Amino acid sequence: VAIKAQLPFDNLLSSDIASSHPDYVRTIKLKDSTSDLSIFNNAILNFEKKLWPLKFLDLEIPCFIVPIKPIWASQLFDSISANEFLFGATPELSWSKENVYYRSLRPDVEIFPARILWYASQQNGFVRQKTIVACSYLDNVAVGEAKQLYSTFRRFGIYKWSEISKLAKGDAHGIIKVLQFSDTELFENAINFSLTNDILFENGFKKQTFVSPVKVNNIVFNKIYKIGKS
């Protein structure tokens, strides 16, 4: 299948179907013919979002594997984990196109725009733990005082002030971080700790414990995404 897109600088997109599985989201490989790669990638990123959940193989934007507790994942986007509980997730959160996740400031490695691979960390009572369970777009990273960020983003997310205060070690003026993300896509086939590290190692990255965000590249993202959606 060939797809052509009329972009402002007349780029052509050629189709490269990565899987014949009927439920697999088609993946497109793009060819760059512009000298300004950042402009090209931003245009392709915007185009990809409009065609969600389609993914471009050669979209050169940062990608981060971000750890999240399974309880928060289940409330924000992981409906498979949420269904393990009697009352499930809060609909206005789990069905939201945009949401936020609060993190400690260090390590301060995330930049945007980017992709996120969500790694559900170890937590008793959850089947989907120590696995990558979903991907999202990282749209914004906000750093500031805990009280101020909570006031700004309280309409998103699942945290109460008591949980934000704990993150800031009881200091309302303590500096924390908010990751604002959108268009989350759930992986029914979660990628476990061992396989994730195998993929990292095969592509020149060190093996990780995923206690903090890990920056990877689009090759790693593509491989994990294909497994998650297969």
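This is a short tour of a cavity and a helix pair in a predicted model.

**Stop one: the cavity**

Start with the enclosed space. The model holds one cavity of 30 Å³ or more, and the volume of the largest cavity is about 40 Å³. To find the spot, select Trp-52, Lys-55, Arg-115, Cys-135, Ser-136, Tyr-137, Asp-183 and Phe-221, the residues that line the largest cavity.

Next, colour strand S7, residues 131-145. Three residues of the lining come from S7, the largest share. Now try colouring the lining by residue class: four of the residues are nonpolar, three are charged and one is polar.

**Stop two: helices H7 and H8**

From here, select residues 193-202 for helix H7 and residues 218-229 for helix H8. Two packed helices are described by the angle between their axes and the distance between the axes. For H7 and H8 the angle is about 150°, and the axes lie 10 Å apart. Because of that angle, H7 runs roughly antiparallel to H8. Turn the view so that one helix lies in front of the other, and look at the handedness: the crossing of H7 and H8 is right-handed.

Which residues in H7 and H8 meet? Show side chains for Leu-195, Thr-196, Ile-199 and Leu-200 on the H7 side, then add Val-220, Lys-223, Ile-224 and Ile-227 from H8, and you have the contact. By class, this contact of H7 with H8 has six nonpolar residues, along with one polar and one charged.

Technical notes
Residues are numbered from 1 along each chain as its sequence is written. This is a predicted model: local features need pLDDT of at least 70, side-chain atom pairs count only at pLDDT 80 or more; totals for chains, interfaces and linings use all residues. Side-chain values use heavy atoms; hydrogens and water are left out. On a 1 Å grid over the protein atoms alone, a cavity is a set of points where a 1.4 Å probe fits but cannot get out, and a pocket is an open set with protein on both sides within 12 Å along at least five of seven lines; lining residues have an atom within 4 Å of a point. Grid points are joined across faces, edges and corners, and a volume is the space filled by probe spheres set on the points. Helices (H or I, at least four residues) and strands (E, at least two) are DSSP runs, numbered from the N terminus. Ala, Val, Leu, Ile, Met, Phe, Trp, Tyr, Cys and Pro count as nonpolar, Asp, Glu, Lys and Arg as charged, and the others, Gly among them, as polar. Axes are lines fitted to C-alpha atoms, for helices over the stretch in contact, and angles run from 0 to 180 degrees between N-to-C directions. Angles under 35 degrees count as roughly parallel, over 145 as roughly antiparallel, 65 to 115 as roughly perpendicular and the rest as oblique. A crossing is left-handed if the near helix is turned anticlockwise from the far one by less than a right angle, and right-handed if clockwise. Contact means heavy atoms within 4.5 Å.
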